[in-house]
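Reader: I am new to this structure. Could you walk me through it, one step at a time?

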Amino acid sequence: MAVNENLRTPIVSVMGHVDHGKTTLLDKIRGSSVAEGEAGAITQHIGATEVPIENIVNKCGDPSLKDRFIVPGLLFIDTPGHHAFTSLRSRGGALADLAIVIVDINEGFMPQTIESLQILKRFKTPFVVVANKVDRIHGWEPNKNSSFLASYNKQSERVKSDLDNKLYEVIGELYNIGFNSERYDRVSDFQRNIGVIPISAATGEGIADVLIILLGLAQKFLEGNLHYDATAPGTGTVLEVKEEKGLGTTIDTILYDGTIRKGDIIVVGSLGDPIQTKIRALLKPRPLSEIKAEEKFQQISEVTAAVGVKISAPNLEGALAGAPVRVVSPETVDAITEQIKSEIADVQIDTDSVGITIKADTIGSLEALVNELKKEEIPIRKASVGDISNRDIVEVTAIEDPFFTVIVGFNVKILPDAKEKLQSTDVTLFKNDVIYRLIDDYKDWVKKQKELAE
Ligand code: GDP
(Lines give C-alpha, C1' and ligand atoms only; values in the text may rest on other atoms or scores of the structure.)
Protein backbone atom coordinates (compact mmCIF):
# COMPACT_ATOMS: atom_id res chain seq x y z
CA MET A 1 0.00 0.00 0.00
CA ALA A 2 1.09 3.61 -0.50
CA VAL A 3 -0.28 7.11 -0.43
CA ASN A 4 -3.43 7.25 -2.57
CA GLU A 5 -3.33 10.21 -4.99
CA ASN A 6 -7.12 10.50 -4.95
CA LEU A 7 -7.34 11.17 -1.23
CA ARG A 8 -6.81 14.58 0.33
CA THR A 9 -5.17 15.30 3.67
CA PRO A 10 -7.60 14.79 6.58
CA ILE A 11 -8.38 17.97 8.54
CA VAL A 12 -7.87 17.69 12.30
CA SER A 13 -9.04 19.98 15.09
CA VAL A 14 -7.77 20.06 18.66
CA MET A 15 -10.41 20.66 21.29
CA GLY A 16 -10.50 20.78 25.06
CA HIS A 17 -10.80 22.92 28.15
CA VAL A 18 -8.81 26.12 28.44
CA ASP A 19 -5.27 25.57 29.80
CA HIS A 20 -5.35 21.82 29.22
CA GLY A 21 -2.65 22.17 26.55
CA LYS A 22 -4.12 22.77 23.06
CA THR A 23 -1.61 25.47 22.11
CA THR A 24 1.37 23.60 23.55
CA LEU A 25 0.42 20.44 21.67
CA LEU A 26 -0.08 22.30 18.37
CA ASP A 27 3.23 24.12 18.84
CA LYS A 28 4.97 20.84 19.42
CA ILE A 29 3.34 19.33 16.36
CA ARG A 30 4.26 22.42 14.33
CA GLY A 31 7.81 21.94 15.50
CA SER A 32 8.12 25.56 16.50
CA SER A 33 7.46 26.99 19.87
CA VAL A 34 5.29 30.07 20.09
CA ALA A 35 5.42 29.75 23.87
CA GLU A 36 9.19 30.20 23.79
CA GLY A 37 8.85 33.17 21.45
CA GLU A 38 10.73 31.85 18.45
CA ALA A 39 11.01 34.60 15.83
CA GLY A 40 8.17 34.84 13.38
CA ALA A 41 6.23 31.87 14.63
CA ILE A 42 3.28 34.01 15.68
CA THR A 43 3.38 36.57 12.90
CA GLN A 44 3.30 34.10 10.07
CA HIS A 45 0.47 32.08 11.47
CA ILE A 46 -2.26 31.23 8.94
CA GLY A 47 -4.55 29.11 11.03
CA ALA A 48 -3.58 25.68 9.75
CA THR A 49 -0.49 23.48 9.79
CA GLU A 50 0.23 20.66 7.39
CA VAL A 51 2.25 17.71 8.64
CA PRO A 52 3.36 15.48 5.75
CA ILE A 53 3.31 11.73 6.23
CA GLU A 54 7.13 11.58 5.99
CA ASN A 55 7.47 13.82 9.06
CA ILE A 56 5.04 11.69 11.01
CA VAL A 57 6.74 8.38 10.29
CA ASN A 58 10.18 9.90 10.90
CA LYS A 59 8.96 11.17 14.26
CA CYS A 60 8.09 7.57 15.07
CA GLY A 61 11.56 6.47 14.07
CA ASP A 62 10.20 3.94 11.58
CA PRO A 63 10.09 5.22 7.97
CA SER A 64 8.80 1.82 6.80
CA LEU A 65 5.48 2.70 8.44
CA LYS A 66 4.86 5.00 5.48
CA ASP A 67 3.77 2.06 3.38
CA ARG A 68 0.95 1.32 5.78
CA PHE A 69 -0.83 4.63 5.24
CA ILE A 70 -2.77 5.96 2.29
CA VAL A 71 -3.34 9.61 3.24
CA PRO A 72 -0.70 12.26 2.41
CA GLY A 73 -0.46 13.60 5.98
CA LEU A 74 -2.56 15.56 8.48
CA LEU A 75 -3.75 19.17 8.35
CA PHE A 76 -4.26 20.69 11.81
CA ILE A 77 -6.57 23.66 12.34
CA ASP A 78 -4.50 25.69 14.77
CA THR A 79 -6.37 28.97 14.93
CA PRO A 80 -5.54 29.99 18.47
CA GLY A 81 -8.03 30.48 21.26
CA HIS A 82 -11.15 29.32 19.45
CA HIS A 83 -12.45 26.05 20.69
CA ALA A 84 -15.62 27.06 18.83
CA PHE A 85 -13.81 26.60 15.54
CA THR A 86 -14.22 22.90 15.92
CA SER A 87 -17.83 23.26 14.94
CA LEU A 88 -16.92 25.02 11.70
CA ARG A 89 -18.73 23.53 8.78
CA SER A 90 -17.94 22.48 5.29
CA ARG A 91 -20.75 21.79 2.87
CA GLY A 92 -20.96 18.18 3.95
CA GLY A 93 -20.97 18.70 7.72
CA ALA A 94 -18.15 19.45 10.14
CA LEU A 95 -15.04 20.97 8.58
CA ALA A 96 -12.74 18.78 10.68
CA ASP A 97 -12.56 15.15 9.60
CA LEU A 98 -10.89 14.09 12.85
CA ALA A 99 -10.36 15.55 16.30
CA ILE A 100 -8.12 15.37 19.33
CA VAL A 101 -9.78 16.04 22.67
CA ILE A 102 -7.11 17.09 25.13
CA VAL A 103 -7.63 16.73 28.86
CA ASP A 104 -5.24 17.63 31.67
CA ILE A 105 -4.86 14.28 33.38
CA ASN A 106 -4.33 15.93 36.75
CA GLU A 107 -7.50 17.98 36.50
CA GLY A 108 -9.89 15.64 34.71
CA PHE A 109 -12.96 16.61 32.68
CA MET A 110 -14.07 20.24 32.69
CA PRO A 111 -17.01 21.99 30.97
CA GLN A 112 -15.23 22.59 27.67
CA THR A 113 -14.06 18.95 27.61
CA ILE A 114 -17.65 17.78 27.83
CA GLU A 115 -18.80 20.38 25.33
CA SER A 116 -16.15 19.22 22.86
CA LEU A 117 -17.26 15.62 23.19
CA GLN A 118 -20.90 16.53 22.62
CA ILE A 119 -20.03 18.43 19.45
CA LEU A 120 -18.08 15.42 18.16
CA LYS A 121 -20.96 13.13 18.97
CA ARG A 122 -23.36 15.38 17.05
CA PHE A 123 -21.12 15.53 13.98
CA LYS A 124 -20.11 11.84 14.30
CA THR A 125 -16.46 12.83 14.02
CA PRO A 126 -13.87 10.16 14.85
CA PHE A 127 -11.52 11.33 17.60
CA VAL A 128 -8.87 10.36 20.15
CA VAL A 129 -8.61 11.56 23.71
CA VAL A 130 -5.18 12.61 24.87
CA ALA A 131 -4.49 12.65 28.59
CA ASN A 132 -1.96 15.48 28.80
CA LYS A 133 0.64 16.64 31.33
CA VAL A 134 1.78 13.18 32.41
CA ASP A 135 5.13 14.81 33.26
CA ARG A 136 3.35 16.53 36.16
CA ILE A 137 2.64 13.20 37.82
CA HIS A 138 4.73 13.18 40.95
CA GLY A 139 8.01 11.36 40.35
CA TRP A 140 7.60 11.10 36.56
CA GLU A 141 10.92 10.78 34.71
CA PRO A 142 10.56 12.63 31.39
CA ASN A 143 11.68 10.80 28.28
CA LYS A 144 11.75 13.50 25.65
CA ASN A 145 10.08 12.90 22.27
CA SER A 146 9.77 9.18 22.81
CA SER A 147 6.77 6.98 22.17
CA PHE A 148 4.58 6.80 25.20
CA LEU A 149 5.16 3.14 26.01
CA ALA A 150 8.94 3.62 26.04
CA SER A 151 8.41 6.40 28.58
CA TYR A 152 5.95 4.42 30.63
CA ASN A 153 8.16 1.36 30.93
CA LYS A 154 10.91 3.46 32.48
CA GLN A 155 8.81 4.73 35.37
CA SER A 156 8.74 3.27 38.87
CA GLU A 157 5.86 0.99 39.87
CA ARG A 158 4.37 3.70 42.08
CA VAL A 159 4.39 6.28 39.29
CA LYS A 160 2.93 3.77 36.84
CA SER A 161 0.07 2.95 39.14
CA ASP A 162 -0.60 6.63 39.77
CA LEU A 163 -0.86 7.16 36.00
CA ASP A 164 -3.03 4.06 35.59
CA ASN A 165 -5.52 5.33 38.17
CA LYS A 166 -5.72 8.73 36.51
CA LEU A 167 -6.27 7.13 33.10
CA TYR A 168 -9.08 4.98 34.45
CA GLU A 169 -10.70 8.13 35.78
CA VAL A 170 -10.63 9.61 32.27
CA ILE A 171 -12.08 6.40 30.84
CA GLY A 172 -14.79 6.46 33.55
CA GLU A 173 -15.71 10.04 32.68
CA LEU A 174 -15.95 9.17 28.99
CA TYR A 175 -18.21 6.27 29.90
CA ASN A 176 -20.43 8.62 31.92
CA ILE A 177 -21.16 10.66 28.83
CA GLY A 178 -21.80 7.67 26.65
CA PHE A 179 -18.43 6.66 25.18
CA ASN A 180 -16.58 3.42 25.74
CA SER A 181 -12.85 3.79 25.67
CA GLU A 182 -9.69 1.78 25.81
CA ARG A 183 -6.18 2.57 26.80
CA TYR A 184 -3.69 3.35 24.07
CA ASP A 185 -4.54 2.32 20.58
CA ARG A 186 -7.00 -0.51 20.67
CA VAL A 187 -9.43 1.50 18.61
CA SER A 188 -11.80 -0.68 16.65
CA ASP A 189 -15.06 1.23 16.32
CA PHE A 190 -14.84 4.99 16.50
CA GLN A 191 -17.20 6.56 19.00
CA ARG A 192 -17.55 3.18 20.65
CA ASN A 193 -13.94 2.42 21.40
CA ILE A 194 -12.16 5.69 21.93
CA GLY A 195 -8.39 5.53 22.21
CA VAL A 196 -7.07 7.32 25.29
CA ILE A 197 -3.42 8.25 24.81
CA PRO A 198 -1.29 9.57 27.64
CA ILE A 199 1.09 12.33 26.49
CA SER A 200 3.10 15.28 27.61
CA ALA A 201 2.72 18.15 25.18
CA ALA A 202 5.62 19.81 27.01
CA THR A 203 8.20 17.03 26.60
CA GLY A 204 6.74 15.43 23.48
CA GLU A 205 6.24 11.99 25.01
CA GLY A 206 3.40 10.20 23.27
CA ILE A 207 2.82 12.73 20.47
CA ALA A 208 4.14 10.37 17.79
CA ASP A 209 1.60 7.78 18.99
CA VAL A 210 -1.20 10.35 18.67
CA LEU A 211 -0.26 11.14 15.06
CA ILE A 212 -0.07 7.49 14.09
CA ILE A 213 -3.43 6.75 15.69
CA LEU A 214 -5.01 9.69 13.84
CA LEU A 215 -3.67 8.28 10.57
CA GLY A 216 -5.13 4.91 11.54
CA LEU A 217 -8.53 6.48 12.26
CA ALA A 218 -8.48 8.30 8.92
CA GLN A 219 -7.67 5.08 7.16
CA LYS A 220 -10.29 3.06 8.92
CA PHE A 221 -13.25 5.41 8.94
CA LEU A 222 -12.72 8.20 6.46
CA GLU A 223 -11.58 6.74 3.19
CA GLY A 224 -14.95 7.42 1.60
CA ASN A 225 -14.98 11.05 2.83
CA LEU A 226 -11.54 12.03 1.63
CA HIS A 227 -11.98 11.75 -2.12
CA TYR A 228 -11.55 15.10 -3.79
CA ASP A 229 -11.32 16.55 -7.26
CA ALA A 230 -8.19 18.54 -7.98
CA THR A 231 -9.74 19.89 -11.20
CA ALA A 232 -12.85 21.27 -9.45
CA PRO A 233 -13.19 24.97 -8.50
CA GLY A 234 -11.83 25.58 -4.98
CA THR A 235 -14.23 25.21 -2.05
CA GLY A 236 -13.28 26.25 1.46
CA THR A 237 -14.18 27.80 4.80
CA VAL A 238 -12.93 31.08 6.30
CA LEU A 239 -10.97 30.48 9.51
CA GLU A 240 -10.12 34.06 10.33
CA VAL A 241 -10.45 37.53 8.87
CA LYS A 242 -7.19 39.41 9.48
CA GLU A 243 -5.63 42.77 8.77
CA GLU A 244 -2.10 42.38 7.40
CA LYS A 245 0.29 45.25 6.96
CA GLY A 246 0.64 46.07 3.26
CA LEU A 247 -2.11 43.62 2.27
CA GLY A 248 -5.23 45.05 3.90
CA THR A 249 -7.94 42.64 4.97
CA THR A 250 -7.10 39.00 4.24
CA ILE A 251 -8.89 35.73 4.93
CA ASP A 252 -7.14 32.67 6.33
CA THR A 253 -8.95 29.84 4.63
CA ILE A 254 -9.03 26.07 4.68
CA LEU A 255 -9.52 24.70 1.21
CA TYR A 256 -11.19 21.29 1.44
CA ASP A 257 -11.90 20.56 -2.21
CA GLY A 258 -10.66 21.60 -5.65
CA THR A 259 -7.96 24.06 -6.67
CA ILE A 260 -7.72 27.81 -6.10
CA ARG A 261 -5.56 30.15 -8.22
CA LYS A 262 -4.34 33.70 -8.14
CA GLY A 263 -6.76 35.76 -10.28
CA ASP A 264 -9.77 33.49 -9.57
CA ILE A 265 -13.10 35.14 -8.82
CA ILE A 266 -14.40 34.02 -5.42
CA VAL A 267 -17.60 34.45 -3.47
CA VAL A 268 -17.22 34.75 0.31
CA GLY A 269 -19.98 34.65 2.94
CA SER A 270 -20.60 37.82 4.90
CA LEU A 271 -23.27 39.21 7.22
CA GLY A 272 -24.89 41.09 4.33
CA ASP A 273 -24.85 39.96 0.72
CA PRO A 274 -21.99 37.57 -0.10
CA ILE A 275 -18.80 39.29 -1.30
CA GLN A 276 -17.64 38.80 -4.89
CA THR A 277 -13.99 39.58 -5.43
CA LYS A 278 -10.87 38.63 -7.38
CA ILE A 279 -7.89 36.99 -5.69
CA ARG A 280 -4.96 39.41 -5.68
CA ALA A 281 -2.54 37.03 -4.01
CA LEU A 282 -2.38 33.57 -2.46
CA LEU A 283 0.01 33.41 0.44
CA LYS A 284 1.72 30.82 2.55
CA PRO A 285 4.02 31.42 5.51
CA ARG A 286 7.67 31.72 4.65
CA PRO A 287 9.89 29.06 6.22
CA LEU A 288 11.26 30.33 9.53
CA SER A 289 14.80 30.31 8.21
CA GLU A 290 13.92 32.76 5.41
CA ILE A 291 11.91 35.29 7.33
CA LYS A 292 12.49 38.98 6.71
CA ALA A 293 10.47 41.52 8.64
CA GLU A 294 8.56 42.92 5.68
CA GLU A 295 8.01 39.62 3.92
CA LYS A 296 6.30 37.23 6.23
CA PHE A 297 4.54 35.40 3.43
CA GLN A 298 5.50 33.93 0.11
CA GLN A 299 3.24 34.21 -2.91
CA ILE A 300 2.08 31.10 -4.69
CA SER A 301 0.12 30.81 -7.91
CA GLU A 302 -2.22 27.96 -6.96
CA VAL A 303 -3.00 25.42 -4.26
CA THR A 304 -5.00 22.21 -4.16
CA ALA A 305 -7.04 20.78 -1.27
CA ALA A 306 -6.71 20.11 1.56
CA VAL A 307 -4.57 23.04 2.57
CA GLY A 308 -4.53 26.23 4.64
CA VAL A 309 -3.93 29.41 2.63
CA LYS A 310 -4.13 33.16 3.14
CA ILE A 311 -6.16 34.99 0.49
CA SER A 312 -5.58 38.65 -0.25
CA ALA A 313 -8.31 40.39 -2.27
CA PRO A 314 -10.19 43.70 -2.36
CA ASN A 315 -13.40 44.17 -0.31
CA LEU A 316 -12.89 41.40 2.22
CA GLU A 317 -13.72 43.65 5.20
CA GLY A 318 -17.16 42.12 5.78
CA ALA A 319 -16.04 38.47 5.42
CA LEU A 320 -17.29 36.21 8.17
CA ALA A 321 -15.27 33.63 10.08
CA GLY A 322 -16.84 30.25 9.47
CA ALA A 323 -18.43 31.29 6.17
CA PRO A 324 -17.95 29.51 2.83
CA VAL A 325 -15.40 30.58 0.17
CA ARG A 326 -16.04 29.33 -3.37
CA VAL A 327 -14.29 29.86 -6.68
CA VAL A 328 -16.90 30.81 -9.30
CA SER A 329 -17.16 31.22 -13.06
CA PRO A 330 -19.49 33.61 -14.97
CA GLU A 331 -21.88 30.64 -15.33
CA THR A 332 -21.94 29.66 -11.65
CA VAL A 333 -21.58 32.99 -9.86
CA ASP A 334 -25.29 33.72 -9.39
CA ALA A 335 -26.28 30.27 -8.21
CA ILE A 336 -23.34 30.01 -5.80
CA THR A 337 -23.95 33.50 -4.41
CA GLU A 338 -27.55 32.52 -3.66
CA GLN A 339 -26.45 29.25 -2.13
CA ILE A 340 -23.96 30.93 0.21
CA LYS A 341 -26.54 33.52 1.17
CA SER A 342 -29.03 30.87 2.18
CA GLU A 343 -26.37 28.79 4.01
CA ILE A 344 -25.70 31.79 6.24
CA ALA A 345 -29.36 32.77 6.57
CA ASP A 346 -30.28 29.23 7.60
CA VAL A 347 -28.58 29.63 10.92
CA GLN A 348 -30.05 33.04 11.52
CA ILE A 349 -33.72 32.46 10.71
CA ASP A 350 -34.14 29.22 12.60
CA THR A 351 -35.76 31.09 15.50
CA ASP A 352 -38.98 31.53 17.48
CA SER A 353 -41.32 34.52 17.58
CA VAL A 354 -40.61 35.12 21.27
CA GLY A 355 -37.42 34.24 23.11
CA ILE A 356 -33.93 35.35 24.01
CA THR A 357 -31.43 37.08 21.74
CA ILE A 358 -28.14 35.35 21.07
CA LYS A 359 -24.83 36.39 19.52
CA ALA A 360 -21.74 34.35 18.71
CA ASP A 361 -18.39 34.86 16.99
CA THR A 362 -18.77 32.44 14.08
CA ILE A 363 -21.49 30.63 12.21
CA GLY A 364 -20.27 27.33 13.61
CA SER A 365 -20.34 28.53 17.20
CA LEU A 366 -23.74 30.18 16.73
CA GLU A 367 -25.08 26.92 15.43
CA ALA A 368 -23.62 25.02 18.39
CA LEU A 369 -25.24 27.49 20.80
CA VAL A 370 -28.63 27.30 19.01
CA ASN A 371 -28.50 23.51 19.20
CA GLU A 372 -27.77 23.42 22.91
CA LEU A 373 -30.48 26.00 23.69
CA LYS A 374 -33.01 24.01 21.68
CA LYS A 375 -32.12 20.88 23.65
CA GLU A 376 -32.97 22.83 26.80
CA GLU A 377 -36.16 24.11 25.15
CA ILE A 378 -35.10 27.72 25.59
CA PRO A 379 -36.76 29.78 22.84
CA ILE A 380 -34.60 32.05 20.68
CA ARG A 381 -35.97 35.24 19.14
CA LYS A 382 -32.90 36.23 17.18
CA ALA A 383 -29.54 34.57 16.55
CA SER A 384 -26.74 36.37 14.77
CA VAL A 385 -22.98 36.55 14.37
CA GLY A 386 -20.92 39.45 15.69
CA ASP A 387 -20.18 41.54 18.78
CA ILE A 388 -23.03 42.89 20.90
CA SER A 389 -24.06 46.28 19.51
CA ASN A 390 -26.15 49.20 20.61
CA ARG A 391 -28.83 48.07 18.17
CA ASP A 392 -29.04 44.63 19.78
CA ILE A 393 -29.73 46.27 23.15
CA VAL A 394 -32.31 48.68 21.77
CA GLU A 395 -34.19 45.81 20.11
CA VAL A 396 -34.26 43.80 23.33
CA THR A 397 -35.57 46.72 25.42
CA ALA A 398 -38.71 46.61 23.29
CA ILE A 399 -39.51 43.07 24.45
CA GLU A 400 -42.31 42.84 27.01
CA ASP A 401 -41.80 39.38 28.46
CA PRO A 402 -39.35 39.90 31.36
CA PHE A 403 -37.77 36.44 30.89
CA PHE A 404 -36.67 37.35 27.38
CA THR A 405 -35.09 40.77 27.89
CA VAL A 406 -31.86 38.87 27.70
CA ILE A 407 -28.82 38.73 25.42
CA VAL A 408 -26.62 35.65 25.53
CA GLY A 409 -23.19 36.19 23.99
CA PHE A 410 -20.82 33.32 23.18
CA ASN A 411 -17.18 34.24 22.45
CA VAL A 412 -18.13 37.86 21.65
CA LYS A 413 -17.33 41.31 22.99
CA ILE A 414 -19.71 44.07 23.92
CA LEU A 415 -19.06 47.19 21.85
CA PRO A 416 -18.32 50.37 23.87
CA ASP A 417 -21.55 52.24 23.01
CA ALA A 418 -23.58 49.11 23.78
CA LYS A 419 -21.90 48.87 27.19
CA GLU A 420 -23.01 52.39 27.98
CA LYS A 421 -26.53 51.75 26.72
CA LEU A 422 -26.83 48.57 28.76
CA GLN A 423 -26.45 50.49 32.01
CA SER A 424 -29.56 52.57 31.34
CA THR A 425 -31.81 49.59 30.49
CA ASP A 426 -33.25 46.46 32.14
CA VAL A 427 -31.57 44.19 29.63
CA THR A 428 -29.65 41.31 31.23
CA LEU A 429 -26.47 40.17 29.53
CA PHE A 430 -24.80 36.77 29.82
CA LYS A 431 -21.39 36.45 28.25
CA ASN A 432 -19.07 33.46 28.36
CA ASP A 433 -16.87 31.25 26.21
CA VAL A 434 -18.42 28.02 27.47
CA ILE A 435 -21.88 27.19 26.17
CA TYR A 436 -22.77 25.15 29.24
CA ARG A 437 -22.01 28.01 31.60
CA LEU A 438 -24.14 30.37 29.53
CA ILE A 439 -27.08 28.02 29.65
CA ASP A 440 -26.65 27.33 33.38
CA ASP A 441 -26.36 31.05 34.11
CA TYR A 442 -29.52 31.80 32.15
CA LYS A 443 -31.45 28.98 33.83
CA ASP A 444 -30.32 30.08 37.29
CA TRP A 445 -31.36 33.62 36.49
CA VAL A 446 -34.82 32.52 35.30
CA LYS A 447 -35.26 30.50 38.48
CA LYS A 448 -34.35 33.51 40.61
CA GLN A 449 -36.67 35.80 38.67
CA LYS A 450 -39.52 33.34 39.17
CA GLU A 451 -38.84 33.14 42.90
CA LEU A 452 -38.82 36.91 43.12
CA ALA A 453 -42.10 37.14 41.26
CA GLU A 454 -43.86 34.77 43.67
P1 GDP B 1 -4.65 25.85 26.03
O2 GDP B 1 -5.38 26.94 26.75
O3 GDP B 1 -5.46 24.58 25.99
O4 GDP B 1 -4.14 26.24 24.68
O5 GDP B 1 -3.39 25.48 26.95
P6 GDP B 1 -1.85 25.86 26.79
O7 GDP B 1 -1.20 25.05 25.74
O8 GDP B 1 -1.72 27.33 26.73
O9 GDP B 1 -1.28 25.31 28.18
C10 GDP B 1 -1.64 25.88 29.42
C11 GDP B 1 -0.45 25.79 30.38
O12 GDP B 1 -0.12 24.42 30.62
C13 GDP B 1 0.81 26.44 29.83
O14 GDP B 1 1.47 27.08 30.90
C15 GDP B 1 1.63 25.27 29.32
O16 GDP B 1 3.01 25.51 29.37
C17 GDP B 1 1.23 24.17 30.29
N18 GDP B 1 1.32 22.83 29.69
C19 GDP B 1 0.72 22.40 28.56
N20 GDP B 1 1.03 21.11 28.32
C21 GDP B 1 1.83 20.71 29.32
C22 GDP B 1 2.46 19.47 29.65
O23 GDP B 1 2.37 18.45 28.96
N24 GDP B 1 3.21 19.44 30.80
C25 GDP B 1 3.34 20.52 31.60
N26 GDP B 1 4.08 20.39 32.70
N27 GDP B 1 2.77 21.70 31.32
C28 GDP B 1 2.01 21.80 30.20
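**Sheets, strands and a pocket**

Reader: In which sense do E10 and E19 pair?
Author: This is a predicted model. Three bridges link E10 and E19. One of the residue pairs here is Thr237 with Pro324 of E19. The sense of the E10 and E19 pairing is antiparallel.

Reader: Which residue in E19 stands opposite Ile266?
Author: Strand E13 covers residues 265–268, and strand E19 covers residues 324–328. Four bridges join E13 and E19, which run antiparallel. Opposite Ile266, in E19, stands Val327.

Reader: How many residues of E19 are buried?
Author: Look at each face of E19 in turn. On one side Pro324, Arg326 and Val328 are buried, and on the other Val325 and Val327 are buried. Strand E19 is therefore largely enclosed by the rest of the structure. The count of buried residues in E19 is five of the five.

Reader: Which strands stand at the edges of the open sheet of eight strands?
Author: The order in that sheet is E14-E13-E19-E10-E11-E18-E15-E16, with antiparallel pairing. An edge strand here has a single partner strand, so one side is left without a neighbour in the sheet. That applies to strand E14 (275–278) and strand E16 (297–300).

Reader: By how many degrees are neighbouring strands of the eight-strand sheet turned against each other on average?
Author: Take the strands of the antiparallel sheet that runs from E14 to E16. With direction ignored, the average turn between neighbouring strands of this sheet is 40°.

Reader: What is the order of strands in the open sheet of four?
Author: In this sheet the pairing is parallel. Strand E21 (380–385) and E23 are the edge strands, and each pairs on one side only. Neighbouring strands are turned by 15° against each other on average, direction ignored. The order reads E21-E20-E22-E23.

Reader: Which residue of E23 is the bridge partner of Phe410?
Author: Strand E22 (residues 406–410) and E23 pair over five bridges, in the parallel sense. Val406 stands opposite Thr428 in E23. For Phe410, the bridge partner in E23 is Asn432.

Reader: Which helix joins E22 and E23 in a β-α-β unit?
Author: The unit is made of E22, a helix and E23. Its hand is right-handed. The helix, residues 416–423, is H10.

Reader: Which side chains of E23 point to the buried face?
Author: In a regular strand the side chains alternate between the two faces of the sheet. Strand E23 (residues 428–432) shows such alternation. Leu429 and Lys431 point to one face and are not buried. Pointing to the other face, and buried, are Thr428, Phe430 and Asn432.

Reader: Which strand gives the largest share of the lining of the second largest pocket?
Author: This pocket has a volume of about 450 Å³. Of its 22 lining residues, the closest to the centre are Val241, Ala319, Leu320, Ala321 and Asp361. By class, the lining holds nine nonpolar, six polar and seven charged residues. The largest share, four residues, comes from strand E10 (residues 235–244).

Reader: Is Lys448 buried or exposed?
Author: Lys448 is found in helix H11 (residues 435–453). Exposed means over 50% relative accessible area. The value for Lys448 is 54%, so Lys448 is exposed.

Reader: What distance separates the C-alpha atoms of Lys448 and Ile199?
Author: Along the chain, Lys448 and Ile199 are 249 residues apart. In space, their C-alpha atoms are separated by 44 Å.

Conventions
Residues numbered from 1 in each chain as written. Predicted model: local features only at pLDDT ≥ 70, side-chain atom pairs only at ≥ 80, totals over all residues. Heavy atoms only, no water. Pairing = 2+ DSSP bridges. Helix = DSSP H or I, 4+ residues; strand = E, 2+ residues; numbered from the N terminus. Axes fitted to C-alpha atoms, helices over the stretch in contact; angles between N-to-C directions. 1 Å grid on protein atoms, 1.4 Å probe; cavity = no way out; pocket = protein on both sides within 12 Å on 5 of 7 lines; lining within 4 Å. Points joined across faces, edges and corners; volume = space filled by probe spheres on them. Nonpolar A, V, L, I, M, F, W, Y, C, P; charged D, E, K, R; others polar. Buried < 20%, exposed > 50% of the residue type's maximum accessible area, 1.4 Å probe, protein only. Right-handed = clockwise from strand over helix to strand, strands pointing away.
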